[in-house]
2 protein chains.
Amino acid sequence: MSSLLEQLIEAFRVLPGVGQKTAQRMAYHVLERERDGGKRLAETLAASIERIGHCKRCRDFTETEICATCASASRDAHQLCAVESPADRLAIEQATGYRGLYFILQGRLSPLDGIGPRELGLDQLTARMAEGEVQELIIATNPTVEGEATAHYLAQLARQHGVRPSRLAHGVPLGGELEYVDRGTLSHAFGSRSEMPQ
Amino acid sequence: MSSLLEQLIEAFRVLPGVGQKTAQRMAYHVLERERDGGKRLAETLAASIERIGHCKRCRDFTETEICATCASASRDAHQLCAVESPADRLAIEQATGYRGLYFILQGRLSPLDGIGPRELGLDQLTARMAEGEVQELIIATNPTVEGEATAHYLAQLARQHGVRPSRLAHGVPLGGELEYVDRGTLSHAFGSRSEMPQ
C-alpha cells in the first residue's frame, strides 16, 4: 500500500462519523470511480476553507462580510431568531415562512467544554439588542439540557434589553404516534394542552 | 446560504454512502471545527488523484510504476492471488501470512454492466501466466454469483497456461453459530466435511 494512499485514508477520518473502514472505502471509491468528482471536492474544499468565514452580523457562514440574509432589505429586522448552528438555521428557513433575521450561536452554553457566553458571541447579540430595533428574540436552541440552559440565559439577556423572548412550542410531532413519543415530550404536551377551536 | 457552501455540500456527495444530509453535516463540521484537517484532506486528495495510478504488474494503486509488493524480492513469484479490489488485497495481506504476489482485477465479470475480460485486465493476467513463473493462481474473488463466474473463467484461463487454479475454502465462519449460518453456506460446509485428524 502506497504511503500517499494511507495518508488519504487518514485524512478522510476528519469527517464526522467516518472511521477507518469507511475512510478506506471512500479513498478506494474516489480513486477507482470518481477521480473527477474527487478533484472537484478537493478544489471546492480548499476554496471553501480559504474563503468562507462568518457573517459579521449573524455569525452564519458566508463568503462576504455580511451574509445575503442580513444584507437583504426584505427581511423584518424586528424579529431575531437565535439558533445553535447553520444547519438549524437552514432547517427553519426551509420549513417555515419566517421573514425575520437570524443569529447563529455556533454552539450552546457548556461550561465543562469551555463554551461560555464569549464563545457564543453573546457580546455581539447583546450589542444587537441594545440597538433597539429588535423587538422579539425567538430562541430556537435544541430541546436538550444544554440547549434549555442556553435558552434561559438568552431569555434573561433579552428581557434586560427590553426584548420579548419566545421559545418554539414543544409537543407531540405531527404524524407521530402517541405510543412512540417519549415520556418527557408526552408529559409536556399533556400539560400544555389547549382548548380546541369550535 | 453562500453558493460556495452549496457547492461544497454537493461536492461531498461523490463519496460513497453520502447523501444530502450527511454532506451538509460534513461541510458544516469541517468549516466549524476541522479547518486544518479539511485543508489537509483537500491537499492529500488532490495529490492522490494526481499521483496515484495503477501498478503495471498487479493493477493495485501505487504512486510508482511498479508497486512495493511487486518490486519486492522477498515475495514468492510462483503464487499469484487474484482479488476483486485493493480492499480485498489488503484484507488478505493483513489476515494471512501469504508471501506470494497479487493481481487486482478492479471488478468482476459483469457483462450487463459492460465489464468483460478486457476491463479486468485479463490480457495482462494471461501474459503473466504465459511467462511461466506462476505455478498457482489463488482465486479470491467474492463468493457472489458474479464472483463465482469470474472464478470459473479465471480457472479455465489458468489451466490453459498450465497453472494450477485454487479457490478459498467455503464453510462455517470461525466463531459463528450454526443456527445463524445461511443455508447455502451450511449445505456447502456439510457436503465438504473432512475427516478429523486423530
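**A walk through a two-chain model**

Let us start at Asp182(A), which sits in the loop that connects strand E6 (164-167) to helix H8 (183-191) of chain A. Keep in mind as we go that this is a predicted model. Asp182(A) is partly exposed, its relative accessible area being 46%. If you look for Val172(A), you will find it 10 residues away in sequence, with a C-alpha to C-alpha distance of 9.2 Å from Asp182(A).

Now step back and view both chains together. How does chain A relate to chain B? A turn of 180°, with a shift of 0.1 Å along the axis, lays chain A on chain B with an RMSD of 0.2 Å. The two copies are therefore related as by a two-fold rotation axis. Both copies use the same surface for their contact, as 98% of the contact residues of chain A recur in chain B. To find the axis on your screen, go to Ala42(A): among the residues of chain A, its C-alpha comes closest to the rotation axis, at 2.1 Å.

One place where the chains meet is between helices. In chain A, take helix H5 (residues 86-95), whose buried residues are Pro86(A), Asp88(A), Arg89(A), Leu90(A) and Ile92(A). What covers them? The cover includes parts of chain A, namely strand E2 (61-62), helix H4 (68-71), E3 and strand E4 (100-104), and it also includes helix H2 (20-33) of chain B. So the partner chain takes part in covering the buried residues of H5(A).

Let us look at that helix pair in detail. The axes of H5(A) and H2(B) come within 10 Å and cross at roughly 140°. Angles over 145 degrees would count as roughly antiparallel, and H5(A) and H2(B) are therefore oblique to each other. On the side of H5(A), the contact is made by Pro86(A), Ala87(A) and Leu90(A), while H2(B) brings Gln24(B), Tyr28(B) and Glu32(B). Sorted by class, the residues of this contact are four nonpolar, one polar and one charged.

The counterpart pairs H2 of chain A with H5 of chain B. Here the axes of helix H2 (residues 20-33) of chain A and helix H5 (residues 86-95) of chain B come within 10 Å, crossing at roughly 140°. This makes H2(A) oblique to H5(B). Gln24(A), Tyr28(A) and Glu32(A) of H2(A) meet Pro86(B), Ala87(B) and Leu90(B) of H5(B). By class, the contact of H2(A) with H5(B) again divides into four nonpolar residues, one polar and one charged.

Next, turn to the interior of chain A. Ala82(A) belongs to strand E3 (residues 76-83), and it is buried, with a relative accessible area of 0%. Which residues does Ala82(A) touch, leaving aside those up to four places away in sequence? They are Phe103(A), Leu137(A), Ile138(A), Ile139(A), Ala140(A), Thr141(A) and Leu154(A). Of these, Ile139(A) is worth a distance check: Ala82(A) and Ile139(A) are 57 residues apart in sequence, yet 5.0 Å apart in space, C-alpha to C-alpha.

Strand E3 also appears in the surroundings of helix H6 (residues 122-130) of chain A. The cover over the buried residues of H6(A) includes E3, E4, strand E5 (136-139) and helix H7 (145-160) of chain A. Those buried residues are Leu122(A), Leu125(A), Arg128(A) and Met129(A). They lie on the same side of H6(A), because they cover an arc of only 115° around the axis. Asp123(A) and Ala130(A), on the other side of H6(A), are exposed. Just after H6(A) comes Gly132(A), with a positive phi of about 95°.

That leads us to the backbone. Most residues other than glycine have a negative phi. Which way does Arg59(A) go, positive or negative? Its phi is near 65°, a positive value in a residue other than glycine. Arg59(A) is in the loop between strand E1 (53-54) and E2 of chain A, and it is buried, at a relative accessible area of 14%. Over in chain B, Gln106(B) is not a glycine but has a positive phi of about 55°. You will find Gln106(B) in the loop between strand E4 (100-104) and helix H6 (122-130) of chain B. Gln106(B) is buried as well, with a relative accessible area of 18%, as buried means under 20%.

Conventions:
Residues are numbered from 1 along each chain as its sequence is written. Chains are lettered from A and ligands numbered from 1 in the order in which they are written. This is a predicted model: local features need pLDDT of at least 70, side-chain atom pairs count only at pLDDT 80 or more; totals for chains, interfaces and linings use all residues. Side-chain values use heavy atoms; hydrogens and water are left out. Copies are superposed by least squares on the C-alpha atoms of residues with pLDDT of at least 70 in both. Contact means heavy atoms within 4.5 Å. Helices (H or I, at least four residues) and strands (E, at least two) are DSSP runs, numbered from the N terminus. Buried means under 20% relative accessible area, exposed over 50%, partly exposed in between (1.4 Å probe, protein chains only). Axes are lines fitted to C-alpha atoms, for helices over the stretch in contact, and angles run from 0 to 180 degrees between N-to-C directions. Angles under 35 degrees count as roughly parallel, over 145 as roughly antiparallel, 65 to 115 as roughly perpendicular and the rest as oblique. Ala, Val, Leu, Ile, Met, Phe, Trp, Tyr, Cys and Pro count as nonpolar, Asp, Glu, Lys and Arg as charged, and the others, Gly among them, as polar. The arc is that of the directions from the helix axis to the C-beta atoms.
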